Amino acid sequence: YTEWSDAENALDALGASCLAIVQQAAYAYLKAWVLEIGGKDVWEAKLPGGGWFGRCRYILEKADVDLRPCVAEIAIIEQGILARNDFIHNDDLVDEMTMQGEYHKKKYPKSIFADPPHWAAAPTEGTRLRVTRESLREAIDAVRRLGEYVDTFRYRFSLQLVRSPKPEASS
């Protein structure tokens, strides 16, 4: 049992690490994109949206980037961010499994990072998270597709809508 359990725990740690890298790539890409088109003042502004991804979505929407074609990608990216947060901020030191956090569970009750066999075995104990090869590929593809889509807008606009307009000089 110990060898199998150790191997399973190692795979869980590897999956969580890979997911963290994917989420960091999404963060770095969107941050660079916002800095390029809007500057540091836009990136550091206190904007609505809840978290860095919500603020990026708000900036994109204010810049007239229609995100409706990317709804599926956005949902997968959000699930990845929430799962990554659950893995990284898991404060139960003695538990070998990371469970889906309350906010994550409320927003995405059937997360792509939920471990289906665990649902069937213990549905009342909470939902164990696991990054599988398939869910990791979905997360990578979602970040890639969102990046490709957002890039099509890169040079089509300026962020005048996000920045507060400068007062005009009166004559």
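Let's start at Glu73, which is found in helix 4, the stretch of residues 71-88. Is this residue buried or exposed? In this predicted model, Glu73 has a relative accessibility of 10% and therefore counts as buried, since the cut-off for that class is under 20%. Its surroundings are easy to find in the viewer: once neighbours within four places in sequence are left aside, Glu73 is in contact with Ala142, Arg145 and Leu146.

With that local view in mind, step back to the whole chain. The protein chain has seven helices and zero strands, and reading along the sequence gives the pattern α-α-α-α-α-α-α. Of the 171 residues in the protein chain, buried residues make up 40%. Contacts across the sequence are worth a look too: among those between residues at least 6 apart, 66% join residues at least 24 apart.

Now turn to helix 1 and helix 3, the latter spanning residues 51-62. Two packed helices are described by the angle between their axes and the distance between the axes. Here the axes come within 11 Å and cross at roughly 35°, and the crossing of helix 1 and helix 3 is left-handed. Which residues make the contact? From helix 1 come Gln23, Ala26, Tyr27, Leu30, Trp33 and Val34, while helix 3 supplies Trp52, Phe53, Cys56, Ile59 and Leu60. Sorted by character, the residues of this contact divide into ten nonpolar, one polar and no charged.

Some of these names return when we look at the aromatic rings. A pair of aromatic rings is described by the distance of the centres and the angle of the planes. The model holds four aromatic pairs. One of them joins Tyr27 and Trp43: the ring centres are 5.7 Å apart and the planes stand at 75°, so this pair is edge-to-face. Tyr27 lies in helix 1 (residues 2-38) and Trp43 in helix 2 (residues 40-44), so the pair ties together parts that are 16 residues apart in sequence. The two partners fall into separate accessibility classes: Tyr27 is partly exposed, with a relative accessible area of 25%, whereas Trp43 is buried at 15%.

Another ring pair is formed by Tyr149 and Phe153, whose centres are 5.2 Å apart with planes at 65°, so this pair is edge-to-face as well. Phe153 has a relative accessibility of 14% and counts as buried. Returning to Tyr27 and Trp43, ring pairs link these two residues with Trp52 and Phe53 into a cluster. Tyr27, Trp52 and Phe53 are also among the residues in the contact of helix 1 with helix 3.

Finally, consider the cysteines. A disulfide is a covalent bond between the sulfur atoms of two cysteines. How many disulfides does the model contain? The count comes to zero. Cys56, one of the helix 3 residues in the contact with helix 1, is buried, with a relative accessible area of 1%. Cys18 lies in helix 1 and counts as partly exposed, at 27% relative accessibility. One more distance helps to place Cys18 in the fold: its C-alpha atom and that of Arg84 are separated by 9.5 Å, although the two residues are 66 residues apart along the chain.

Conventions: Residues numbered from 1 in each chain as written. Predicted model: local features only at pLDDT ≥ 70, side-chain atom pairs only at ≥ 80, totals over all residues. Heavy atoms only, no water. Phe/Tyr/Trp six-rings, centres within 6.5 Å; stacked < 30°, edge-to-face > 60°. Helix = DSSP H or I, 4+ residues; strand = E, 2+ residues; numbered from the N terminus. Buried < 20%, exposed > 50% of the residue type's maximum accessible area, 1.4 Å probe, protein only. Disulfide = S-S within 2.5 Å. Axes fitted to C-alpha atoms, helices over the stretch in contact; angles between N-to-C directions. Left-handed = near helix turned anticlockwise from the far one by under 90°. Contact = heavy atoms within 4.5 Å. Nonpolar A, V, L, I, M, F, W, Y, C, P; charged D, E, K, R; others polar.
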